[in-house]
Amino acid sequence: MRVNALTAETGFKVGPVVLETLVKHYFERRKTGNATTQLRQDELMYDEVFNVVKSFLRLASFHTVEDVQGFANTRTPSPPSVHVVRLLIPMTSCDEAAQIIITAFGGKETAKRVVGGVKWWQVRGINGVDAQWITAKKDWENAQRRTKMQKKAKEDSSGSLPSTDLPTGVADSEIYEKHMDEMRCILYSHGGGYYFGSVDQERYSIQRHARKINGRVFAVNYRLAPQYPFPCALQDLVAAYLYLIRPPPCAAHCPVNPAHIIIAGDSAGGGLSLALLQVLRDSGLPMPAGGVLISPWCDLTHSFSSIHTNTTTDVLPEWGLSLQKPSVLWPPPPDDISKRVHASLRTRIREVFRTDQPYDPTATMLSMAQSTSAGQPVDVGATTSLPTSDPQHIDQTVSLVARSGEILSTSNQLHLYTQNSLLAHPLVSPVVSYLGGLPPLLFIVSDREVLRDEIIYTAHKAANPKKYPIGNFSRVSYPSLIGIEDRCKPTKVHLQVYDDTAHVLPVLFSFTTPAKYCFRAIAAFSKHVTGIPLIPTPPSIPSNASPTNPVSRSSFNSSPESKSRKDSEGSLAASDKPHIPKRISLSRSLSSRFSRAIQSRSRFSRTFSEDNVLPTEPILLLPNEDVSVASIGPAQPPNSNTPSASHEPIPLTAGDPRVYRLSEGQWNGNMIRERVSTQGIIRPLEPESELSALIIDPDVIGRISELTLRRYLDASAMFDKKFAHTIRAIKKDRWRNLTLAKKDTKRGLAALHHKITLSSAENSNSSSSVAHGVRESFPSSGSWNWAWVLDGEERPPPSSIVSRRDTAEARHLAKIADQSLFQDDQSLSANRLWSAVLNFFTFDQDQPLSNANSTKRPSRLDRFLGRERFVKATFLPDDVKDEGHH
């Protein structure tokens with residue numbers, strides 16, 4: 001078995017990075033002018049993880065997409081304290097999701113104009129969507145206990161009921177238990193730039209979310225680009241949501257109340273979550289209780305300043321996630337090759353189904369001949385609009401004239417997720433969309449990440465859509481936005497900006513102090529919007545700590561973050577040494593011990609366990625007062641007789657549920673705006689007039705700037721020079737695969753054409769309608785590999801695996817699809833990777849959707865096997881059957 005090159009190189013390099021960070025953390029931070037954040041200087045564990053992740057992501061850029069996907073898909077075991085159930089979301093949910101996606105796009109014709117069709121994005125590698133139920137075993141056991149108590153009560157009143165105990169010998173991870181139906185649910189989408197990542201990659205943070213909400217997480221492994229570009233991943237998420245609220249008969253769980261569902265995701269998964277919420281809103285489906293968006297990728301056009309200013313303080317490479325070591329998979333083939341492949345495939349397929357014209361088996365598949373932004377914190381230079389998605393003008397070139405007069409241009413696909421013409425589509429870049437009418441949203445933003453400005457802007461736009469109107473391009477590309485201002489109200493938004501932190505804080509830095517409070521904030525929000533009682537645990541006050549020595553209120557009004565941190569730490573140091581709990585996090589303990597060896601500093605955050613924090617009191621709000629600047633009541637511990645302290649405030653930490661305790665339990669206004677210090681203390685976010693994210697010309701958003709395009713071109717030139725030899729080898733591999741694909745296609749389609757012609761002649765009388773029906777059944781199949789070819793209006797993107805024949809993976813997909821016509825039933829299990837392609841009946845807009853809840857409908861496997869047997873019995877003689885086995 002081939003060893004993943006990225007895995008091997010990472011194993012060799014992670015050790016030296018850890019040791020180098022350990023040394024520099026204590027000896028170089030004393031140097032003046034050190035360009036690093038205060039958090040990296042204060043907390044060793046954060047500094048270690050930051051350097052390891054940043055080095056890894058840079059290293060990963062110098063490996064192929066295949067290596068990165070393989071690394072991120074490494075299966076990780078679940079700890080004994082976690083209950084996991086793995087499953088496949090069935091095709092019935094995927095079929096229904098396809099109809100909803102097409103409706104949201106504005107109908108079949110609009111979908112063809114915008115994304116190039118309604119069939120190509122339905123093809124998938126497995127027979128459904130891979131997903132997992134994840135919950136803490138203790139919460140599952142508590143739910144099981146409650147269910148047994150309810151069952152016993154029913155038995156006492158109405159007689160015995162059937163037993164629901166686990167079958168003997170069945171592992172927890174192999175069966176879904178009905179006791180889990182009582183739990184609240186998070187539908188989670190992992191991050192990874194849309195082209196890598198998996199549930200296994202983020203297993204620790206996902207299971208921690210489940211434990212924090214005392215509920216369950218339904219995590220989805222959606223299809224990844226570039227093989228499955230937009231809107232493939234979005235269809236998978238819609239299918240997952242439908243599977244929760246409208247489970248098919250084969251599902252083990254009961255329908256989940258949408259009011260008990262949280263849509264959550266990080267990075268690319270956060271962007272997908274925003275797209276999913278828009279589709280649910282625009283299709284009229286029941287809305288979930290809320291959304292948790294952790295560093296969501298909201299703008300793929302890179303319109304905002306932080307994408308350029310925060311590269312040194314974030315873990316992402318300075319060139320972003322646009323470039324990888326070249327391979328046959330990525331970058332996609334030139335447009336002229338794709339056009340000729342598509343045209344040749346259409347010619348061949350149509351000849352197969354036309355029996356009135358001779359078939360030419362010598363026809364070749366492919367000729368072998370190769371043929372401005374004032375007022376922003378950063379001057380991004382000139383800007384240009386994106387290419388049009390008009391089918392008559394499909395040139396994806398991005399070009400502009402710089403201020404110096406230089407012409408900057410590239411025909412490359414800038415992002416792996418979608419073509420250049422769709423980078424500003426509202427379902428790809430939510431920053432250009434209308435985000436009113438959504439359930440309450442919690443935005444988690446890291447102050448030093450490159451995506452900071454676009455997330456802050458998106459959060460304010462959702463809370464106040466009238467102040468940030470959408471452009472005409474958004475309405476044209478997504479017709480559901482026409483007239484939406486009259487239908488939808490502003491969205492309730494809770495925005496938290498965490499000081500000094502980098503991208504996806506709770507995912508990459510889950511062991512650090514800021515992440516601890518971030519997890520608490522997410523749990524408090526989730527419990528609030530789903531209706532779980534928000535009763536905080538009585539505060540535990542250290543025996544020697546003085547509750548009458550709070551932080552001064554002035555620290556909340558101080559804009560420099562260093563001052564608020566100094567004030568909070570100084571007030572804590574003034575008290576006696578707090579009692580140290582018996583159990584301390586190893587990482588936090590090590591960080592604390594090393595820090596004490598270097599300098600004397602406050603040990604509050606490192607000596608308290610995760611469940612012990614300073615006591616806080618309810619927030620007292622005036623009718624028109626922002627929750628972030630609200631006065632905070634005094635600390636009043638039990639048996640306290642210190643009335644003199646009643647007028648003094650005490651800091652409130654992130655995750656305290658009393659943030660949401662306003663009039664009648666609802667937010668007063670549409671937005672809660674907070675900053676969170678590295679010690680978890682919240683203070684008001686700066687006014688909108690002082691936020692760089694909101695000081696931007698609206699006309700620049702959704703356009704490619706000179707600074708962005710130049711950065712891409714410079715990095716691309718560096719990659720081309722570094723991998724010049726690889727690029728030449730890729731061209732040879734590509735032509736070799738095309739040649740082999742040509743032979744495979746000629747052999748398969750020639751046999752199919754011969755049998756259809758023979759059948760038409762033999763059944764010219766009574767059976768002609770049967771043969772005609774067989775021939776006409778293939779075009780109606782969205783998931784059949786050749787279905788898009790038979791529709792002249794289908795235009796799969798160049799990177800889509802369904803329309804390619806220049807990679808071994810794409811050839812294998814086509815070969816398996818062809819073998820479904822010619823081989824025996826054993827071919828179905830030959831390669832499980834492409835099992836879904838063997839099913840001819842993915843939903844199409846022209847066909848009525850079957851009732852997913854009907855028990856009379858035969859399974860997809862039964863329907864496929866019946867059709868395959870009919871095709872073989874009717875058309876295939878023994879010689880062709882034998883040929884299919886070679």
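A nonpolar core is a set of buried Ala, Val, Leu, Ile, Met, Phe, Trp, Tyr and Cys residues joined through side-chain atoms within 4.5 Å. Keep that in mind as you open this predicted model, because the tour begins in such a core.

**Stop 1: get your bearings**

Colour the chain by pLDDT. The average is 74, and 62% of the residues score at least 70. Now select residues 160–172, where pLDDT stays under 50. In the model this stretch has 21 contacts beyond four places in sequence. Residues 593–646 are also below 50 in pLDDT, and here the model has 125 contacts beyond near neighbours in sequence.

**Stop 2: the core**

Which residues touch the most other members of the largest nonpolar core? Select Leu187 and Phe218: they hold that place among its 184 residues. Helix H9, residues 232–245, gives the most to this core, with 12 residues. In soluble globular proteins, nonpolar side chains tend to be buried together.

Stay on Leu187 and show what surrounds it. Leaving aside neighbours within four places in sequence, its contacts include Phe218, Val220, Leu237, Tyr241 and Leu244. Ile261, Ile262 and Ile263 are among its contacts too.

**Stop 3: helix H9 and the loop before it**

Select H9 by itself. Buried means under 20% relative accessible area, and 14 of the 14 residues of H9 are buried, so the helix is largely enclosed by the rest of the structure. Try a distance between its end C-alpha atoms: they are 21 Å apart, which agrees with the 20 Å that its 14 residues should span at 1.5 Å a residue.

Step back to Pro231, in the loop between strand S4 (216–221) and H9. The peptide bond from Phe230 to Pro231 is cis, with omega near 10°.

**Stop 4: a buried arginine**

Select Arg124, in the loop between helix H6 (108–115) and strand S2 (129–136). Is Arg124 buried or exposed? It is buried, with a relative accessible area of 2%. What does its side chain reach at 3.4 Å? That partner is the backbone oxygen of Gly128. A polar contact of 3.3 Å also joins the side chains of Arg124 and Gln235.

**Stop 5: helix H8**

Move to residues 203–212. In H8, 8 of the 10 residues are buried, so this helix is largely enclosed by the rest of the structure. Among the buried residues are Arg203, Gln207, Arg208, His209 and Lys212. Just after H8, look at Asn214, which takes a positive phi of about 55°.

**Stop 6: two loops with unusual backbone to inspect**

Ser295 sits in the loop between strand S6 (290–294) and helix H11. It is not a glycine, yet its phi is positive, about 45°. Ser295 is buried, with a relative accessible area of 1%.

Go on to Pro331, in the loop between H11 (306–309) and helix H12 (335–352). A cis peptide bond joins Trp330 and Pro331, with omega about 0°.

**Stop 7: the S8–S9 hairpin**

Select residues 398–401 (S8) and 407–410 (S9). The two strands pair in the antiparallel sense over 4 bridges, and Ser409 in S9 is the bridge partner of Ser399. They form a hairpin with 5 residues between them, and Gly405 in the turn has a positive phi of about 95°.

Now turn on the side chains of S9. Leu408 and Thr410 point to one face and are buried, while Ile407 and Ser409 point to the other and are not. In a regular strand the side chains alternate between the two faces of the sheet.

Conventions
Residues numbered from 1 in each chain as written. Predicted model: local features only at pLDDT ≥ 70, side-chain atom pairs only at ≥ 80, totals over all residues. Heavy atoms only, no water. pLDDT = per-residue confidence, 0-100. Contact = heavy atoms within 4.5 Å. Buried < 20%, exposed > 50% of the residue type's maximum accessible area, 1.4 Å probe, protein only. Polar contact = N/O pair within 3.5 Å; in protein donor to acceptor, adjacent residues only side chain to side chain. Expected span 1.5 Å × (residues − 1). Pairing = 2+ DSSP bridges.
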